[in-house]
Amino acid sequence: MDKRDEKFREIMKAYEPVKAPVDFSRKVMEQINSPIASKTVYKPVFNKWFMRFLFGGLIAFIIYAMSGSTSEASQKPELINSLAQKLPKVELNGLNQLGQQFGELISGIPSVVIFTLLAASLLLLLDVFILKRFRQTIAV
Amino acid sequence: MSIQTDNYYIEQVLDGNTEAFSFLVEKYQDMIYGLSLKMLRNAEDAEELAQDTFVKAYRSLSSYKGTSKFSTWLYRIAYNAAISAMRKRKMELLSLDEQRVSDQDEMKIQQQMGQIKKEELSNYLKKAIESLPADDQVLITLFYYEEQSVDDIARITGLTESNVKVKIHRARKKMHILLKDILQEEVYSFL
């Protein structure tokens, strides 16, 4: 520390910093002693990525299920057909069987259950959004 | 009533005497509130941040190892909270252009300051400090007013010691530029 620092420290002794409000200490102690002192931070039931994945999966399934009935009637455009012919063929029988088994399994589930699951996942997704907002509010 | 050390009150709190924490709040409330106000520049926000700092300190008191001063530890909590609050609000840390002030000018300003009445000087210092960027205000107050060591300031701000030294030096220069301007304004106001 040089002379200028020392001299400036001398000058700074005249500085009068702002004081905390009169009831500051009381307010802090009230917060500490409050029965809900520990701010109950809201946490979603599932991780947000899990929820997004689940929701995405359900949407994809619905689209697949809905398009299943119409896909046979629709025809692919010629350009897509020609492109598909050029692509290397992969043996998908195993996957198809697996898909069919999965489809049968799903079709066995009552639609009420599927709608409940969808509604629940939508709510949980909203839950993640609400949590984000909640954290922002706490931070401000 | 005898004045006890910070560690005495900390031990009391850790032993279950919650009220002992109020002594620590009373002791450091001006420091923490001052730092919060310097950084957030809003009395309400500063009070909330300062309160949160103490509540956070209370809740994590068991993690205070005593390797640094309690005030340093407390300052660090407040400083980090203020920095993240500023980032969320996209507040600027640095804004004052660096003008040059020679060592001779600095000595001259210091001499002039030495001749001013304490009350006036206090006003000038307050005015100048308030015009500094937030981080410079904190550094000036910590080093020159509260006489914290460079090492402690490095712990509080998370900067290296050499960086703290450079920043303090620059902040002091800026402070002198502002004081010089204030003195000149005062002279003109008399003419």
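Begin by selecting L35(B) in this predicted model, and then add the residues with which L35(B) is in contact once its neighbours within four places in sequence are left aside, namely Y75(B), A78(B), Y79(B), A82(B) and V138(B).

Next, widen the selection to the largest nonpolar core, which has 57 residues and in which L35(B), A78(B) and A82(B) are those with the most contacts. Colour helix α2 of chain B, residues 21-40, and you will have marked the element that gives the most to this core, with 11 residues. If you then colour chain B by domain, you will find that the core draws at least three residues from domain 1 (6-88) and at least three from domain 2 (103-190).

Now turn to the boundary between the chains, where 30 residues of chain B are in contact with 23 residues of chain A. On the side of chain B that touches chain A, at least two residues each are supplied by α2, α3 (43-59), α5 (103-114), α6 (118-131) and α7 (134-145), and the largest share, nine residues, comes from α2(B). Coloured by residue class, this side of chain B divides into 13 nonpolar, eight polar and nine charged residues.

Finally, move to chain A and select helix α1, residues 3-12, in which F8(A), I11(A) and M12(A) are buried. Because these residues cover an arc of only 95° around the axis, they lie on the same side of α1(A). Rotate the view to the other side of α1(A), and select K3(A) and E6(A), which are exposed. As a general guide for looking along such a helix, an α-helix has 3.6 residues a turn, so residues three or four places apart point the same way.

Methods:
Residues are numbered from 1 along each chain as its sequence is written. Chains are lettered from A and ligands numbered from 1 in the order in which they are written. This is a predicted model: local features need pLDDT of at least 70, side-chain atom pairs count only at pLDDT 80 or more; totals for chains, interfaces and linings use all residues. A nonpolar core is a set of buried Ala, Val, Leu, Ile, Met, Phe, Trp, Tyr and Cys residues joined through C-beta atoms within 7 Å. A residue is buried if 20 or more other C-beta atoms lie within 10 Å of its own, exposed if 12 or fewer, and partly exposed in between; C-beta atoms are placed from the backbone. Helices (H or I, at least four residues) and strands (E, at least two) are DSSP runs, numbered from the N terminus. Domain bounds come from an automatic or database domain assignment. Two residues are in contact if their C-beta atoms, placed from the backbone, lie within 7 Å. Ala, Val, Leu, Ile, Met, Phe, Trp, Tyr, Cys and Pro count as nonpolar, Asp, Glu, Lys and Arg as charged, and the others, Gly among them, as polar. The arc is that of the directions from the helix axis to the C-beta atoms.
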